[in-house]
Amino acid sequence: MRRFLLRLVFVLTLPAILLAVWWAASDSSTDVYWPPLRTILKTFPDVWTVERLRTDAVPSILRLSAGYATAALVGVALGTVIGSYRRVRAVCEPVLEFLRAVPPPVLVPVIMLFAGIGHTMKILVIAIGCVWPILLNTVEGVRAVDSVMAETARSYGVTGLARLRHVVLPSASPQIFAGLRQALSIGIILMVISEMFAASNGLGFTVVQFQRGFAIPDMWTGILVLGLLGFLLSVVFQLVERRVLGWYHGLRATTRRSR
Amino acid sequence: MTFVKGQGMLDVRGLKKVYEGSGRRVEAVRDLTFTVDAGELVCLVGPSGCGKTTLLKCMGGLLTPTAGEVLLQGERVTGPPPGMAFVFQEYGRSLFPWMRVGENVELPLKQKGLSRSRRRELVADALRSVGLADAAGAYPWQLSGGMQQRVAIARALAYEPQVLLMDEPFAAVDAQTRADLEDLVRGLWRERGITILFVTHDIDEAVYLGERVVVLSASPTVVQEQLKVDLPDDRDQLHTRVAPRFAELRTHVYEQIQAAKRGTPRDAPEDAVKTDAPPPA
């Protein structure tokens with residue numbers, strides 16, 4: 001219990017200091033674009049009512065989830081195929097490197113042309129942006145399956161789907177999760193950007209709306225909400241990762257100790 | 001297929017393996033012929049780098065020989081046969097770290113399509129016979145090196161193979177653990193009557209464990225000598241290793257290996273195979 005409290009203190013100290021500095025520095029501000037934190041926090045409950053969370057935050061999160069899930073599925077599936085076959089890899093790798101280098105936000109106008117400005121467009125933008133780190137990390141992870149493990153599986157008749165499920169994917173999972181983690185932050189960025197271009201609801205849309213209407217404190221609250229959302233998602237991600245990759249962290253801790 | 005005990009369980013005939021790649025041609029194994037009888041425990045020794053692992057992988061169906069063949073109970077080995085189990089030297093890389101010990105032992109049995117109750121029975125029995133009855137719920141990396149290799153042995157036992165191939169299984173554990181594991185293998189062999197082919201670079205280990213020792217030459221490998229170990233069946237670390245006969249046998253094997261290292265194979269065919277290796281002196 002004491003250790004938990006101590007950790008909590010460690011975690012909260014820096015955010016508290018930063019908020020205090022922000023509060024103090026902005027307290028006497030009369031700049032319209034840089035309102036005091038006091039004002040922003042006072043506006044917060046008025047802006048982010050349950051109703052607004054339902055109409056703006058929920059659609060954003062749903063679109064993010066749909067795009068992210070699609071990217072995860074496609075990325076892992078394609079990555080496994082590409083990583084498993086040397087020939088396929090040789091053919092695909094240059095193209096993948098090029099496609100990955102294209103900044104995803106630039107795709108928004110293009111995708112708007114054929115997918116319209118509805119949900120599909122935004123989900124597509126998120127999925128296309130998120131898929132690269134997942135795909136490339138899966139390729140690397142699948143490729144790096146230990147030779148002795150592969151031989152063990154083969155000599156015991158663990159082949160085909162069983163090999164994929166029990167050997168290849170678990171062995172690649174640390175890499176896959178590294179990709180998923182990168183993809184998550186990209187996904188949040190693209191969620192906001194896609195809503196800034198053309199949307200009728202969503203967090204990104206709301207922030208732009210406030211800015212255009214010169215509701216500056218309200219705009220700042222939107223930014224805070226986005227920050228909190230990102231933080232929350234990363235906490236959830238960590239919890240999932242700790243569960244799925246428990247073996248990996250344990251293994252690494254053991255190898256570190258024995259060295 | 002009926003099988004008469006005493007006949008060749010495992011036949012290696014004219015086995016040859018040449019690795020080719022990036023302009024280099026390495027003849028790892030030149031021409032190996034030997035037989036392992038059913039229920040026998042045979043040790044293969046040879047100077048380091050003599051292609052022992054290559055040979056074992058060819059026998060286990062993990063590598064395709066360039067020429068010659070391996071027969072398991074008279075049937076040609078083309079891929080890993082269900083009647084063979086492998087124990088690798090690198091236990092840390094051979095056990096799956098994302099599976100608990102019990103799951104590691106069970107996975108090959110699932111592939112065999114055994115029922116859940118039968119699997120549970122086999123796993124418990126195998127873990128018990130290597131002295132790890134309580135470890136089923138642990139992860140391999142929570143165990144010591146010797147215990148991990150025991151798990152690998154348990155996995156092989158649960159697979160119920162006719163032939164157990166062991167590739168320098170104790171090369172990476174400390175001396176005391178090693179002695180325990182040697183006794184474990186001999187005990188299991190006597191108890192279960194499986195055929196074991198044990199590859200090692202340790203001469204003492206080969207003589208202590210084996211009913212027969214096959215001495216291999218330096219690469220490109222041929223059989224340098226086959227030696228029957230006429231020590232009593234009951235062996236123990238304390239007495240067997242100081243027995244005069246043990247000393248004679250190990251001296252003999254040692255001399256053979258030295259001869260093999262110097263490159264004076266007794267019966268290597270002087271054929272016209274082109275190799276990168278220096279010609280025998």
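Helices and strands here are DSSP runs, with at least four residues for a helix and at least two for a strand, numbered from the N terminus. With that in hand, we can place a good starting residue: B:Gly61 sits in the loop that links α1 and β4 of chain B. Please keep in mind that this is a predicted model.

**Around B:Gly61**

B:Gly61 comes just after α1(B) and adopts a positive phi of about 80°. Is this glycine buried or exposed? B:Gly61 has 20 C-beta neighbours inside 10 Å, so it counts as buried. Setting aside neighbours within four places in sequence, its contacts are B:Val77, B:Thr78, B:Gly79, B:Pro80 and B:Pro81. As for B:Leu188, a gap of 127 residues in sequence separates it from B:Gly61, and the two C-alpha atoms are 24 Å apart.

The helix before this loop, α1(B), covers residues 52-59 and is mostly covered itself, with seven of its eight residues buried. Those buried residues are B:Lys52, B:Thr54, B:Leu55, B:Leu56, B:Lys57, B:Cys58 and B:Met59. The helix α1(B) lies across β1, β2, β3, β4, β7, β8, β9 and β10 of chain B, and it runs at about 120° to β1(B).

**The sheet of chain B**

Let's turn to the strands. Chain B has an open, mixed sheet of 10 strands, and the order is β5-β4-β1-β2-β10-β9-β3-β8-β7-β6. Which strands stand at the edges? They are β5 (75-76) and β6 (84-87) of chain B; each has a single partner strand, so one side of each has no neighbour in the sheet. In general, strands of a sheet pair through backbone hydrogen bonds, either parallel or antiparallel.

Two parallel pairings can be set side by side:

| Strand pair | Sense | Bridges | Residues standing opposite |
|---|---|---|---|
| β3(B) and β8(B) | parallel | five bridges | B:Leu41 and B:Ile196 |
| β6(B) and β7(B) | parallel | four bridges | B:Val87 and B:Met166 |

In the first pair, β3 of chain B spans residues 41-45 and β8 of chain B spans residues 195-200. The edge strand β6(B) has side chains on both faces: B:Met84 and B:Phe86 point one way, B:Ala85 and B:Val87 point the other way, and all are buried.

**Two domains in chain B**

The domain assignment divides chain B into domain 1 (1-83 + 163-281) and domain 2 (94-160). Their C-alpha centres lie 26 Å apart. The contact involves 10 residues from domain 1 of chain B and seven residues from domain 2 of chain B. On the domain 1 side, helix α6 (residues 175-192) of chain B supplies the largest share, five residues. By type, the residues on that side of domain 1 are eight nonpolar, one polar and one charged.

**Chain A and its contact with chain B**

How many helices and strands does chain A have? Chain A contains 11 helices and zero strands. Its C-alpha atoms fill a box of roughly 75 × 55 × 30 Å along the principal axes. Of the 259 residues in chain A, 33% are buried. Among contacts in chain A with a separation of 6 or more, 73% are between residues 24 or more positions apart.

Between the chains, 18 residues of chain B are in contact with 18 residues of chain A. On the chain B side, α2 (91-94) and α3 (101-112) each supply at least two residues, and α3(B) gives the most, with three residues. That side of chain B is made up of 13 nonpolar, three polar and two charged residues.

**The nonpolar core**

The largest nonpolar core has 125 residues, and B:Val45 and B:Ala154 have the most contacts inside it. Helix α6 (residues 119-143) of chain A gives the most to this core, with 15 residues. The core also draws at least three residues from each of domain 1 and domain 2 of chain B.

A look at B:Val45 rounds off the picture. Leaving aside neighbours within four places in sequence, B:Val45 is in contact with B:Thr200, B:His201, B:Ile203, B:Ala206, B:Val213, B:Val215, B:Leu216, B:Val253 and B:Ile257.

Definitions and conventions:
Residues numbered from 1 in each chain as written. Chains lettered and ligands numbered in written order. Predicted model: local features only at pLDDT ≥ 70, side-chain atom pairs only at ≥ 80, totals over all residues. Buried ≥ 20, exposed ≤ 12 C-beta atoms within 10 Å, placed from the backbone. Contact = placed C-beta atoms within 7 Å. Nonpolar A, V, L, I, M, F, W, Y, C, P; charged D, E, K, R; others polar. Domains from an automatic or database assignment. Pairing = 2+ DSSP bridges. Axes fitted to C-alpha atoms, helices over the stretch in contact; angles between N-to-C directions. Core = buried A, V, L, I, M, F, W, Y, C linked by C-beta atoms within 7 Å.
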